[in-house]
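Please take a moment to look over the sequence and the model before reading on. The paragraphs that follow lead from one part to the next.

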Amino acid sequence: MKDLEIWTLVAVFQEMLGWAVWPIAAFCVLAPLGLAIVLLHDRGIVAGRMLRAELLGLLGGVVAVTAMFAVTSSSPADLGGPIDWLLAIVIFAAGGIGTAIGGYVAMGLLAAPRAPAPAHIDVGRAGRAALGQGEATLP
Amino acid sequence: MFQPRAALSRRRLLAAAAALGLAPAPPALGEAPLRTRARIVIIGAGAAGLAAASRLAQRLDGAEITLIDRRREHLYQPGLTLVAAGLKDAGYVTSATRDHVASRVMLIEQAAAEIDPVGRSVTTEAGGRVSYDYLVVATGLQLDYAAIEGMDVARIGRDGLGSVYAGAEQAAATWRAMSDFADRGGTALFLRPATEMKCAGAPLKYAFLTDDVLRRRGTRGRAELVYNAHNRALFSVPIVAEKLRMLYADRGIRVNHDHVLRAIDPGRRIATFRTPQGDQELGYDFINVVPPMRAPAVVRNSPLAWRSGPFAADGWAEVDRFTLRHARFPEVFCVGDVAGVPKGKTAASVKWQVPVAVDHLVATIQGRESPARYNGYTSCPMITRIGRAMLVEFDYDDNLVPSFPGVIAPLEELWITWIIKEIGLKPTYLAMLRGRA
């Protein structure tokens, strides 16, 4: 019965989202995949890019919740019980995480043709002295 | 009521489906179609008829399935309230019937004029005779506006006259009348008929919605809202009736009990109600007329109708309430509004009834017994204002049967329930028509 249930849900979402269901499904699969590729390529998280992606994610969360209110002719004043607040948080989180991942991957892919962004680590005066150079850039 | 653990977990999975109270149907997908040359006729291409056609087409290979209905336009009736609240336009509830007809199903675009369950045939309005081995009666019901003296459907939308049920355009016209009223204030009357009716929550919702629109426009203080119940209760399920009594008191909606609309004078804006004390005239500035409802003549005047008991007067089909199989003609099943069962004139009921009836029909072809039973489940997303609703689900025994016990409280006004109604219900309904939900 599990298979049946999943296909029932798929059927409902197909009716709900129309043609958009497949791009959304593709995004849900490709975004984590893209994130994995970018992380592997960069051999870690690029801090500045992550910060920008998180800020974008905040915006995405707000847009998701606002869109839900707009589409359903409702407003924050309609939130009643705890389940409503939970739902709003889930919508915010889904929009936020999706946007953050999408943003991070997009920025990573745009940066990919160039050499991987090097990590700039200040080894300090003592380190520079030890290395016998003025500036140090460690890959 | 006891419910198997598996059923509960399935319900939790089906979040969107919960809008219609969609518990999983008897197996259809993943099961090899049954080869048969059975001739199956379905009368009515509404929610029940289309869903039955889709499921039968999925489960049978080689069967001759014929759908008979004159209406070329399909009406998504659960959306009428939203149209009448100005939240959706009339196009939201209309679509082409043909778009929902499963392949391998033949559609005859004529009305059924006569059913002969003894000779096992249906005669169409053009005189054509269609024989069957199995018959599914899904004619829906008849809105009997003519039973209200002075009622003129053509005037809906004018002179403060509204009627949400009459159709898409009439629902939109009702919104215009309600909106005009909300600008000015005055007295608004709400009511329900004394007959069985589809979606008994709809008239109650509309009173809530009118109250909300008045408040949003700042004219609530200039308006009086009166709900006229046909008996002593606001709702057939006692615990829901009590909750509604409290909510109406909170909103300042006055309730008259034992008031049944008998006549209306749209020109003078006077409605006459039959009461235990005799006729009572009530003036109004806006009224939402809900007409008496009865089985269509093709069923009412056929041997399929109840001959005695509470469902006889209006000609509802005499079926076993748990299997939807006709009591005297075992090859006939009646689903949807026309079924003479205590509850179940909603799309949610259709969702539960159709798989049960189809399973019994298929089992009969196979020569086996079906264990499927319909427990009277129905669902009513009771809108209490724009943005909030209560997910009221119950069965034949007036038990509350929440799809999400402990998560979505059935008697609590919630945004999540409104979300389900606004964006979850129609996709689930459409998936149901295709036999996929």
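Which residue of β4(B) does Arg39(B) stand opposite? The model shown here is a predicted one, and in it Arg39(B) stands opposite Glu64(B). Strand β2 of chain B, which covers residues 39–43, pairs with β4(B) in the parallel sense, and 5 bridges hold this pairing. Strand β4(B) also pairs with strand β7 of chain B, residues 105–108, and here 4 bridges join strands that run parallel. Within this second pairing, Ile65(B) has Val105(B) in β7(B) as its bridge partner. Of the 5 residues of β4(B), which spans residues 64–68, 4 are buried, and therefore the strand is largely enclosed by the rest of the structure. As a general point, the side chains of a regular strand alternate between the two faces of the sheet.

From the strands we can turn to a helix of chain B. Thr81(B) is found in helix α3 of that chain, residues 80–84, and because its relative accessible area is 6%, under the 20% that marks the limit, Thr81(B) counts as buried. Leaving aside residues up to four places away in sequence, Thr81(B) touches Val164(B), Ala202(B), Lys205(B), Leu209(B) and Ile383(B).

Aromatic rings offer another way through the model, and a search of the whole structure finds 14 aromatic pairs over all chains. One of them is formed by Phe69(A) and Trp415(B), whose ring centres lie 5.0 Å apart with 40° between the planes, an arrangement that is tilted. Since Phe69(A) belongs to helix α3 of chain A, residues 47–71, and Trp415(B) to helix α9 of chain B, residues 415–433, the pair joins two chains. Both partners are buried: Phe69(A) has a relative accessibility of 10%, and Trp415(B) has a relative accessible area of 0%.

Another pair, Phe235(B) with Phe394(B), has ring centres 5.6 Å apart and planes at 85°, so the pair is edge-to-face. Phe235(B) lies in the loop between β15 (223–228) and α6 (238–251) of chain B, while Phe394(B) lies in strand β24 (residues 388–394) of chain B, so the pair ties together parts that are 159 residues apart in sequence. Here too the rings belong to buried residues, with a relative accessibility of 8% for Phe235(B) and of 5% for Phe394(B). Elsewhere in chain B, one aromatic cluster is formed by Phe181(B), Phe190(B), Tyr206(B) and Phe286(B).

Rings also meet charged groups in this model. The charged end of Arg373(B) sits over the ring of Phe322(B), at 4.1 Å from the ring centre, and the charged end of Lys426(B) sits over the ring of Tyr92(B), at 4.3 Å from the centre of that ring.

The last stop is the largest pocket, which has a volume of about 1,600 Å³. Its lining is made up of 46 residues, of which Phe13(A), Met16(A), Leu17(A), Met68(A) and Ile423(B) are the closest to the centre of the pocket. Helices α1 (2–17), α2 (21–42), α3 and α4 (82–111) of chain A, together with α9 of chain B, each supply at least two residues of this lining. The largest share, 10 residues, comes from α4(A). Two of the helices named here have already appeared, as α3 of chain A and α9 of chain B are also the helices that hold Phe69(A) and Trp415(B).

Technical notes:
Residues numbered from 1 in each chain as written. Chains lettered and ligands numbered in written order. Predicted model: local features only at pLDDT ≥ 70, side-chain atom pairs only at ≥ 80, totals over all residues. Heavy atoms only, no water. Phe/Tyr/Trp six-rings, centres within 6.5 Å; stacked < 30°, edge-to-face > 60°. Buried < 20%, exposed > 50% of the residue type's maximum accessible area, 1.4 Å probe, protein only. Lys NZ or Arg CZ within 6 Å of the ring centre and 35° of its normal. Pairing = 2+ DSSP bridges. Contact = heavy atoms within 4.5 Å. 1 Å grid on protein atoms, 1.4 Å probe; cavity = no way out; pocket = protein on both sides within 12 Å on 5 of 7 lines; lining within 4 Å. Points joined across faces, edges and corners; volume = space filled by probe spheres on them.
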